[in-house]
Amino acid sequence: GKTHMILSVAKAVPERFVHVIRSSSPLYLFYASDEEDQTQARMKCRDDYNIYIFDDIRMNEVITDIAKFLTDNQLKEKIHRTVIDQKPREFKIPGEGLVFFTRAQSINDAELNDRLLYNNPQESAEHKREQLEFVRRQTSGGEDGFADRRLQVARAVFEHLITEPIRILNPWVPQLKIEDYRDTGPREVERLVELIKAVTFYRQFQRRPIYQWNILLGTKEDLETALEVFKAVDFLQRYQLDKAQVRLLEMLPALKKDQEEPVFLEDAPTYRELAQKLNVSSDTVWRWVRGRSRTSQPNLSDRGLVEARSANPDDQRSTHHLYLTEKGAKLLETTKEQKILLGFRFKGRRLNDRAKEEAITTAFRLADNRIPPTTIQKIIQKAKKSKTWKEAVDDRTLYKLMKSIEEDYTHERLKIMRKTREPATTELKEQIHEEV
């Protein structure tokens with residue numbers, strides 16, 4: 001189930017980072033972090049990272065507003081202002097937050113909904129068998145000591161990974177093409193790029209640093225792994241359909257583009273027929289397809305996935321038959337084949353010049369954003385004349401190219417340090433010493 005799944009995942013993180021919210025008021029998070037009230041020290045949010053799990057909490061305006069606070073990591077301070085004993089008080093929630101909602105239904109606030117990544121527990125006959133076998137072994141054989149030791153290792157690794165800030169550069173991102181500009185939003189692009197960085201973050205000890213120890217060069221493999229993860233939730237994330245609605249789409253015949261006349265096939269079902277097959281009411285099916293409700297979620301017709309056609313347009317009470325639109329048929333085929341993403345396409349066999357230019361520019365900015373863009377361009381133009389530039393077509397040869405211009409980076413960095421009289425860091429001193 002949803003709750004068991006997310007709580008099991010949370011075991012891989014030390015307990016002090018995790019806050020499970022069930023029946024208590026969400027405002028408790030603000031009050032528990034009150035510096036003046038030391039009795040709540042054990043409950044306080046951390047100053048660095050916090051994971052919040054809203055476990056099947058019924059959404060209301062207060063919870064929605066708190067969730068927006070927690071999911072907005074652009075806010076430097078998350079502040080709740082109130083009056084206690086006729087005195088103004090401020091309560092703060094520190095640190096950055098990762099929020100989980102275990103819910104069977106979509107969240108109806110459009111702004112909050114847009115910040116969340118939808119997912120479903122896996123469901124298949126094979127998974128069901130494995131689940132039951134696991135429960136049988138766990139029930140009859142007691143606790144799995146080996147699993148506990150693995151979780152201890154995972155928690156230790158988590159502590160180690162967040163010790164120092166890591167910055168990530170993936171040179172393959174510029175070759176990720178946006179296929180659908182109409183239905184793809186800015187947050188979706190950001191979410192995918194951040195997921196690509198996250199893969200490199202977890203593989204940081206298998207990745208090479210560039211220019212500074214905490215700037216990691218991501219690989220093509222990292223991007224492809226992120227695409228596989230993103231592909232698994234892409235359809236659900238974009239349209240946020242529950243499983244019954246997806247089954248409804250699978251029952252509908254596709255409407256051809258040139259089929260303008262209301263010619264109905266025998267297998268074009270009505271609202272009532274679909275309701276009987278899905279074991280729901282006809283009103284529910286109508287609401288999915290064309291209904292308007294208090295929620296902000298568009299219906300299947302608004303999404304352009306389903307079209308309802310009347311058997312007799314002149315009669316308002318005439319029976320309606322439902323069809324899958326061309327767009328709906330294409331999307332359904334995509335999700336079944338699991339071959340391409342709905343909004344993105346990646347064809348990156350070799351690194352092109354644009355990707356190499358962006359990689360060098362980004363590396364310089366991450367290492368020291370005071371280096372002027374004109375200077376970076378001069379270094380790139382100089383590098384283009386080299387044999388190393390032409391040979392840089394994959395991860396290994398790109399790293400070689402980046403290392404070949406590291407001397408230029410060091411030179412520019414030292415120029416800035418002389419002007420600002422900035423003391424050389426230990427790392428830079430060691431690098432200079434090695435070069436000498």
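**Exercise 1.** Which elements do the buried residues of α10 pack against? Work it out on this predicted model.

*Solution.* Start with the helix itself: α10 covers residues 271-278, and its buried residues are Y271, L274, A275 and L278. Buried here means under 20% relative accessible area. Looking down the axis of α10, you'll find these residues within an arc of 105 degrees, so they line one face of the helix. That fits a general rule: an α-helix has 3.6 residues a turn, so residues three or four places apart point the same way. Now follow that buried set outwards: the packing partners are two helices, α9 (243-251) and α11 (282-289), plus two strands, β10 (306-310) and β11 (320-324).

**Exercise 2.** Find the exposed residues on the face of α10 turned away from its buried side, then check the phi of N279 just after the helix.

*Solution.* Flip to the face away from the buried side and you meet R272, Q276 and K277, which are exposed. Then step just past the end of α10: N279 has a positive phi of about 60 degrees.

**Exercise 3.** Lay out the open sheet of three strands, then place helix α3 on it.

*Solution.* First, the order: β1-β2-β5, paired in parallel. Next, the edges: β1 (18-21) and β5 (96-102) each pair on one side only. As for twist, neighbouring strands are turned by 20 degrees against each other on average, ignoring direction. Zoom in on β2 (residues 49-55): this strand pairs with β5 over seven bridges, and Y52 stands opposite V99 of β5. Finally, add α3 (residues 61-71), which packs on the sheet and touches β2 and β5. The direction of α3 makes about 135 degrees with that of β5.

Technical notes: Residues numbered from 1 in each chain as written. Predicted model: local features only at pLDDT ≥ 70, side-chain atom pairs only at ≥ 80, totals over all residues. Heavy atoms only, no water. Pairing = 2+ DSSP bridges. Helix = DSSP H or I, 4+ residues; strand = E, 2+ residues; numbered from the N terminus. Axes fitted to C-alpha atoms, helices over the stretch in contact; angles between N-to-C directions. Contact = heavy atoms within 4.5 Å. Buried < 20%, exposed > 50% of the residue type's maximum accessible area, 1.4 Å probe, protein only. Arc of directions from axis to C-beta.
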